[in-house]
Amino acid sequence: MAESTEMEGQGNTNATGSHNPRSRKLRSLVWNDFTKERKADGSFVAICNHCKKQLTASSRSGTTHLKNHLGTCTSSKRMKRKKLVVRRLVLKSSDAKNDGAPGLEHPQFDQELSRQDLARMIVLHGYPFSIVHHVGFRTFVRNLQPQFKLASCDMVKADCMKVYENARLRLQELLDKLLCRVTLMVDMWRSSEGLEYVCLTCHYVDDEWKLKKKILNFVPMEAPLTGEEISKTIVEKLHEWNIGKKLASIVLDNCSTSDVVTGELLKSLRPKGFLLLNGDLFRVHSCAHILNLVVQESLELAGEVTSKVRDSVQFVKSSQERATRFQKAAKQVGAPQKPLILDAPTSWVSTYSMLETACQYQDAFSRLAEWDTEFTDCLSSKEWSNAKAVAECLEVLYHAIEKFSATRVPTANLYFNDICGIHLLMKTWCMSPHPVVASMAVQMLEKFEQYWDLTRIIMAIASILDPRYKMKSIEYYFKLIYNDPYESKARIDTIRNNFINLYNEYAIQSANSSKNQAYLCYVGNASGYTSSESGNGGESKTSYRITLSDTRRGLDQYLQETSSSQPSKSDLDMYMEEAVHPSKEGLDDNFNILAWWKFNAAKYPILSIMARDILAIPMSIVPLDSEARTLNQYLSSMDPMTVQGIICAQDWLKDEIEVGPVDGLALVSAAAGLEGDDECMIPANGDEFSPLSK
């Protein structure tokens with residue numbers, strides 16, 4: 001039958017009641033999604049249960065147009081839903097009773113959608129494809145829905161890869177429409193079979209001003225990896241995702257050839273002119289990575305005192321008899337009832353935990369030395385004093401990293417003040433009365449300032465974009481860090497100039513974008529006039545419709561440029577001249593800077609674009625004890641393309657489905673977190689999941 005013309009929504013006011021079912025049986029399943037009603041004039045309309053749109057429902061119109069409407073209505077609605085639901089084709093209970101349709105009192109089963117649900121479940125939770133052959137699972141499915149036909153492992157794998165492909169297309173569309181820049185993070189992984197992988201993750205702030213990150217690729221590569229090969233792979237993937245023009249910065253902290261990769265990428269990307277400040281802000285170090293490197297190397301200077309503490313702990317843990325005797329000594333001296341910790345020498349965090357706990361048992365160790373003549377490694381009072389001093393320094397750095405990793409919305413503005421505070425403390429530690437602390441601090445400070453020079457500008461710019469501080473934090477801390485007034489002023493001016501230069505780049509881009517949108521290109525031809533716009537990727541899109549408001553746009557801009565004798569203030573000037581946003585003492589972490597910029601985007605149009613790009617740069621990535629992460633045996637046994645599909649698809653599905661704390665291919669420590677073992681990606685099931693997942 002011919003399709004009917006859709007009716008306008010204002011017809012709702014004329015509807016007088018529901019359709020009398022005795023006049024015509026509603027046998028088509030399409031009526032699960034429509035309600036048939038009679039209007040005052042006697043005609044019938046079908047009202048969509050989802051969007052409430054009215055379509056004709058005369059006896060001659062059929063249902064083809066109703067099915068076509070559902071194709072555009074329910075499918076788009078389903079795409080936007082956060083929770084995956086099986087579309088239920090079920091009649092309303094009243095219609096089912098009146099029509100007397102047999103077998104429709106329960107939801108209609110859909111084999112295809114159920115297969116998709118199974119594939120999504122396997123991807124999301126990391127279940128093996130062979131689950132479809134597990135007796136318990138097959139019994140459960142058979143009793144739950146006898147009509148569902150379980151597929152083979154190969155078919156389930158193919159379904160999972162379809163989930164990946166469909167999600168990849170949606171992400172590609174999202175990134176194409178994204179108006180902001182992204183920052184790329186590079187991680188190195190390896191399988192238990194020795195195959196190397198490069199994981200590329202992009203960080204950005206979406207159109208709703210929410211901080212997002214997406215794994216783009218999990219690329220298999222042959223070992224040994226070179227910086228040139230990694231950079232070539234990154235460039236290829238940037239081109240595939242069409243985000244080369246949108247790249248703001250890159251984080252390579254978990255890449256052993258990071259310097260080579262950075263150099264090669266700059267050679268490739270700089271000539272294209274898309275990088276901020278010609279690439280001066282391209283390489284970014286996370287704060288936690290900087291502190292990790294600084295401490296791990298400097299802690300070797302305290303090796304003598306940490307070794308004696310380690311030997312003392314090992315002595316107590318060497319036998320149950322000694323542990324019992326130590327517990328008795330601890331009880332007598334009133335020491336806290338906490339377990340002793342034995343560190344992994346390659347992990348300074350575990351060494352800090354060992355020192356911090358052991359120092360609380362100083363008197364207990366001394367009492368044990370009196371009781372046990374074999375305990376010859378007991379520290380002297382001076383050595384305990386040195387151990388406490390080292391632990392106090394490590395405590396500051398440990399809690400800083402802990403704070404960085406625990407931040408709920410880790411925007412780039414949060415770290416400048418803390419890093420400057422640590423910088424000041426390191427200078428103070430250099431004058432410590434404890435020689436071991438002073439020598440450690442000197443080496444820490446030297447290493448820290450190397451990374452500080454590379455990261456200072458981007459961190460300071462992010463701090464300026466925090467309305468609570470603007471230039472105030474920079475002025476305050478630089479005057480304390482750099483004792484020479486001329487040096488501090490020069491460094492403050494350098495930050496200010498870099499910020500202004502970056503703002504000017506955004507202002508030029510914004511002006512060019514506005515002109516392109518306002519410019520109407522009239523071309524005389526047989527068809528009349530055309531209006532050209534530049535879309536993503538530089539492609540030209542031509543429209544043959546021009547509204548009257550389009551012709552006025554250029555005039556409005558011309559009036560603004562020529563009517564005022566004095567130029568209006570830029571949003572940068574207004575932002576800097578206004579007082580800082582008041583902050584509540586002790587509640588810094590509760591300030592939602594992204595919500596603030598979203599609210600003030602109209603007031604600061606250029607600065608808000610700049611803030612959206614800079615604040616998304618990840619500066620709180622927790623460092624790894626090893627150079628690469630390790631896949632577990634389950635993933636290592638798969639072919640590389642399937643590994644990429646499963647890992648990427650799971651990451652993308654997490655935004656579409658509410659994932660609980662044990663969902664997904666969890667990143668967990670293989671041991672108790674203090675042993676320094678490689679992290680591994682494991683399927684999160686009841687047997688293997690660890691509460692230490694990040």
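This tour proceeds from the whole chain to its cores, then to one helix and its surroundings, and finally to selected cysteines.

**The whole chain**

Begin with the complete model, which is predicted. Display it as a cartoon: the chain contains 23 helices and 14 strands. Of its 694 residues, 45% are buried. Next, consider how the chain folds back on itself. Among contacts with a separation of 6 or more, 68% join residues 24 or more positions apart. Now switch on the surface. The chain exposes about 36,200 Å², and carbon and sulfur atoms supply 51% of that area.

**The largest nonpolar core**

In soluble globular proteins, nonpolar side chains tend to be buried together. To see this core, select Phe-365, Trp-597, Leu-607 and Ile-614. These residues touch the most other members of the largest nonpolar core, which has 104 residues. Add helix 15, residues 435–464, which gives the most to this core, with 16 residues.

Which residues is Ile-614 in contact with, leaving aside its neighbours within four places in sequence? They are Leu-276, Ala-412, Ile-458, Ile-461, Ala-462, Leu-465 and Leu-502.

**A second core**

Select Leu-118, Leu-200, Tyr-634 and Cys-648 next. They are included in a second, separate core of 66 residues.

**Helix 5 and its cover**

Select residues 153–177, which form helix 5. This helix of 25 residues reaches 37 Å from its first C-alpha to its last, close to the 36 Å expected at 1.5 Å a residue. Show its side chains and look for the buried ones, among them Val-156, Cys-160, Val-163, Ala-167, Leu-171 and Leu-175. An α-helix has 3.6 residues a turn, so residues three or four places apart point the same way.

What covers the buried residues of helix 5? The cover includes helix 3 (111–125), helix 6 (227–241) and helix 23 (640–653), together with strand 6 (196–205) and strand 7 (211–221).

**The hairpin**

Keep strand 6 and strand 7 in view. They pair in the antiparallel sense over ten bridges. For one bridge, select Cys-199, whose partner in strand 7 is Phe-218. The two strands form a hairpin with five residues between them. In the turn, select Trp-209, which has a positive phi of about 60°.

**The cysteines**

How many disulfides does the structure hold? It holds zero. Select Cys-430, which is in no disulfide; the nearest cysteine sulfur, that of Cys-393, is 10.0 Å away. Cys-430 counts as partly exposed because its relative accessibility is 24%. Finally, select Cys-420, which counts as buried because its relative accessibility is 0%.

Technical notes:
Residues numbered from 1 in each chain as written. Predicted model: local features only at pLDDT ≥ 70, side-chain atom pairs only at ≥ 80, totals over all residues. Heavy atoms only, no water. Disulfide = S-S within 2.5 Å. Buried < 20%, exposed > 50% of the residue type's maximum accessible area, 1.4 Å probe, protein only. Helix = DSSP H or I, 4+ residues; strand = E, 2+ residues; numbered from the N terminus. Contact = heavy atoms within 4.5 Å. Areas by Shrake-Rupley, 256 points an atom, 1.4 Å probe, with all protein chains shown as cover. Core = buried A, V, L, I, M, F, W, Y, C linked by side-chain atoms within 4.5 Å. Expected span 1.5 Å × (residues − 1). Pairing = 2+ DSSP bridges.
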